[in-house]
Amino acid sequence: MATTKHLLLFLLIITMITITSSITLPFLTTEQNQIATKIIDAMISSGSFEDWSGAFLNNNDELNGPVLTSTLFLPKTSVEGINATSPLVASYHIVPQWLDFSVISLMMPFSRIPTLLSGHSIVVTNNSASGFSLDGVLISEPDLFVSPSIVIHRMAFPFNFSRYGGGDI
């Protein structure tokens with residue numbers, strides 16, 4: 001009896017590790033691609049990281065039509081060399097999945113989270129409660145905004161997709 005319980009617990013743990021160790025990019029429909037393009041265009045037109053959340057929410061509003069279920073990693077401050085008006089940078093800060101902090105915090109180190117920037121993933125670099133970070137950047141305010149289809153997390157500074165974003169670490 002105890003062996004059966006241990007085996008079931010072991011299988012449950014292995015399943016959770018498998019599910020949370022890597023997230024695959026869902027297929028985006030034509031409509032979802034159009035919404036993503038509209039969001040990215042608005043974000044880069046806003047001119048600064050500080051204005052990204054407004055542009056993201058205004059163009060991905062559940063009250064005004066279809067939305068792209070997504071998570072935005074919103075940089076708190078700028079970093080020299082990472083431009084808020086770059087479509088590549090904006091695309092890399094959006095994940096086309098709903099990932100609140102309770103979901104992200106279960107991911108193992110080196111798990112990859114595919115972004116809207118094709119072929120690029122954000123990497124879980126530290127999953128400790130005191131310093132949870134993605135791509136080496138601290139999540140300074142998890143779950144800053146959460147709705148049924150959108151999550152925004154505040155990051156200490158922008159991600160650098162050229163450092164972690166490719167296929168291998």
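**Exercise 1. Composition of the chain**

State how many helices and strands the protein chain has, and give the order in which its elements run.

*Solution.* Step 1. In this predicted model, the protein chain contains 6 helices and 7 strands. Step 2. Read from the N terminus on, the elements follow the pattern α-α-α-β-α-β-α-β-β-β-β-β-α. Step 3. Of the 169 residues in the protein chain, 42% are buried. Step 4. Among contacts with a separation of 6 or more, 64% join residues 24 or more positions apart. Step 5. The exposed surface of the protein chain is about 8900 Å², and carbon and sulfur atoms supply 60% of it.

**Exercise 2. Helix H2**

Test the length of helix H2 against the value of 1.5 Å a residue, then determine which of its residues are buried and what these pack against.

*Solution.* Step 1. Helix H2 comprises 17 residues, residues 30–46. Step 2. The expected span is 1.5 Å times one less than the number of residues, so a value of 24 Å should result for H2. Step 3. The end C-alpha atoms of H2 are 24 Å apart, which agrees with the expected span. Step 4. With buried taken as under 20% relative accessible area, the buried residues of H2 are Ile-35, Ala-36, Ile-39, Ile-40, Ala-42, Met-43 and Ile-44. Step 5. These buried residues pack against helix H3 (52–58), strand E1 (70–75), helix H4 (87–92) and strand E2 (94–95). Step 6. After H2 comes Gly-47, which has a positive phi, near 90°.

**Exercise 3. Strand order and edges**

Establish the order of the strands in the sheet and explain why one side of E2 and of E3 is left without a neighbour.

*Solution.* Step 1. The 7 strands form an open sheet in the order E2-E1-E7-E6-E5-E4-E3, and the pairing is mixed. Step 2. E2 and strand E3 (112–114) stand at the edges, each having a single partner strand; therefore one side of each has no neighbour in the sheet. Step 3. E1 pairs with strand E7 (residues 150–155) in the parallel sense, over 6 bridges, and Pro-75 stands opposite Met-155 in E7. Step 4. E3 and strand E4 (residues 121–126) pair in the antiparallel sense over 3 bridges, with Ile-113 opposite Ile-122 in E4. Step 5. E3 and E4 form a hairpin with 6 residues between them, and Gly-119 in the turn has a positive phi of about 80°. Step 6. E4 also pairs with strand E5 (residues 133–134) in the antiparallel sense, over 2 bridges; here Asn-126 stands opposite Ser-133 in E5. Step 7. The hairpin from E4 to E5 runs through 6 residues.

**Exercise 4. The nonpolar cores**

Describe the largest nonpolar core, name the element that gives the most to it, and list the contacts of Leu-72.

*Solution.* Step 1. The largest nonpolar core has 23 residues, and those with the most contacts inside it are Met-43, Trp-52, Phe-56, Leu-72 and Ile-94. Step 2. At least two residues of this core come from each of H2, H3, E1, H4 and E7. Step 3. The greatest contribution is that of H2, with 7 residues. Step 4. Neighbours within four places in sequence are left aside; Leu-72 is then in contact with Met-43, Trp-52, Ser-53, Phe-56, His-93, Ile-94, Val-151, Ile-152 and His-153. Step 5. Apart from this core lies another, of 18 residues, including Val-95, Met-107, Phe-132 and Val-137.

Note on methods
Residues are numbered from 1 along each chain as its sequence is written. This is a predicted model: local features need pLDDT of at least 70, side-chain atom pairs count only at pLDDT 80 or more; totals for chains, interfaces and linings use all residues. Side-chain values use heavy atoms; hydrogens and water are left out. Helices (H or I, at least four residues) and strands (E, at least two) are DSSP runs, numbered from the N terminus. Buried means under 20% relative accessible area, exposed over 50%, partly exposed in between (1.4 Å probe, protein chains only). Contact means heavy atoms within 4.5 Å. Two strands pair if DSSP finds at least two bridges between them. A nonpolar core is a set of buried Ala, Val, Leu, Ile, Met, Phe, Trp, Tyr and Cys residues joined through side-chain atoms within 4.5 Å. Accessible areas come from the Shrake-Rupley method with a 1.4 Å probe; for residues, only the protein chains shown count as cover.
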